[in-house]
Amino acid sequence: MVDELQEKLNEIEETVLATSSENLIPRLLQVRGVVNHLRQINPPQRDVVNRLAHGDSKMIRPVLFALFRDLRDNLIRIDEQAASYADQLLISF
């Protein structure tokens, strides 16, 4: 999903740099909505995965903690990318 958002942002950037920029505002708003939604749903998931990675649940075997830490790190990376995309979109407006 993050790669798809990056593609859309690149397309929008190319459109802005081109002479014709028709339909730009609706595209910007659509991508902005997706980025905002991603930024909304990511933190709760990250919190749950973080608790699982630290052994807060007795149902998770310690051997799986490393996998949950990797997942948490990926969620952090996604959140950082989404914040960067939000900044890019803010500049566009």
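Okay, let's start with N42 and what it touches. Leaving aside neighbours within four places in sequence, N42 is in contact with L75, I78 and D79. One of those contacts has some detail to it: the side chain of N42 reaches the backbone oxygen of L75 at 3.0 Å. Keep in mind as we go that this is a predicted model.

So is N42 buried or exposed? Buried, because its relative accessible area is 2%, and the cut-off for buried is under 20%. N42 sits in helix α2, and that helix bends by about 25° right there, at N42. A proline, P43, follows within four residues.

Let's stay on α2 for a minute. It has 30 residues, running from 24 to 53. How far apart should its ends be? At 1.5 Å a residue the helix should span 44 Å, and the end C-alpha atoms are 42 Å apart, so the two values agree. The buried residues of α2 are L24, L28, V31, V35, L38, N42, V49 and A53. Then, just after the helix, G55 takes a positive phi of about 80°.

Now over to the other partner, L75. This residue belongs to helix α3, and it counts as buried because its relative accessible area, 11%, falls under the 20% cut-off. Besides N42, L75 touches Q45, R46 and V49, if you don't count residues up to four places away in sequence. As for V34, it is 41 residues away from L75 along the chain, and their C-alpha atoms are separated by 16 Å.

R72 is in α3 too. You might expect an arginine to be sticking out, but R72 counts as buried, at 16% relative accessibility. Which residues does R72 contact, leaving aside its neighbours within four places? Those are R46, V49, N50, A53 and H54.

On to the nonpolar cores. The largest one has 14 residues, and L5, V31, V35, L38, Y85 and L89 touch the most other members. Where does this core come from? Helix α1, residues 2-17, helix α2, and helix α3, residues 65-92, each supply at least two residues. Apart from it lies another core, of 6 residues, including A53, I60, F65 and L75. As background, in soluble globular proteins nonpolar side chains tend to be buried together.

Take V35 from the largest core. Beyond its neighbours within four places in sequence, V35 is in contact with L5, A82, Y85, A86 and L89. Let's pick A86 out of that list. It lies in α3, and it is buried, with a relative accessible area of 15%. With residues up to four places away left out, A86 touches V35 and R39. A86 and V2 are 84 residues apart in sequence, but 12 Å apart in space, C-alpha to C-alpha.

Last, let's zoom out to the whole chain. There are 3 helices and 0 strands, so to speak a plain α-α-α pattern along the sequence. Why call the chain more spread out than a compact globule? Because its radius of gyration is 17 Å, well over the 12 Å that the globule rule gives for 93 residues. Along its principal axes, the C-alpha trace spans about 60 × 15 × 15 Å. Of the 93 residues, 26% count as buried. And for contacts with a separation of 6 or more, residues 24 or more positions apart account for 62%.

Terms used: Residues are numbered from 1 along each chain as its sequence is written. This is a predicted model: local features need pLDDT of at least 70, side-chain atom pairs count only at pLDDT 80 or more; totals for chains, interfaces and linings use all residues. Side-chain values use heavy atoms; hydrogens and water are left out. The expected span of a helix is 1.5 Å times one less than its number of residues. The bend at a residue is the angle between axes fitted to the seven residues ending there and the seven starting there. Buried means under 20% relative accessible area, exposed over 50%, partly exposed in between (1.4 Å probe, protein chains only). A nonpolar core is a set of buried Ala, Val, Leu, Ile, Met, Phe, Trp, Tyr and Cys residues joined through side-chain atoms within 4.5 Å. Contact means heavy atoms within 4.5 Å. A polar contact is a pair of N or O atoms within 3.5 Å; within protein, one must be able to donate a hydrogen and the other to accept it, and residues adjacent in sequence count only if both atoms are side-chain atoms. The radius of gyration is taken over C-alpha atoms; the globule rule is 2.2 Å times the number of residues to the power 0.38.
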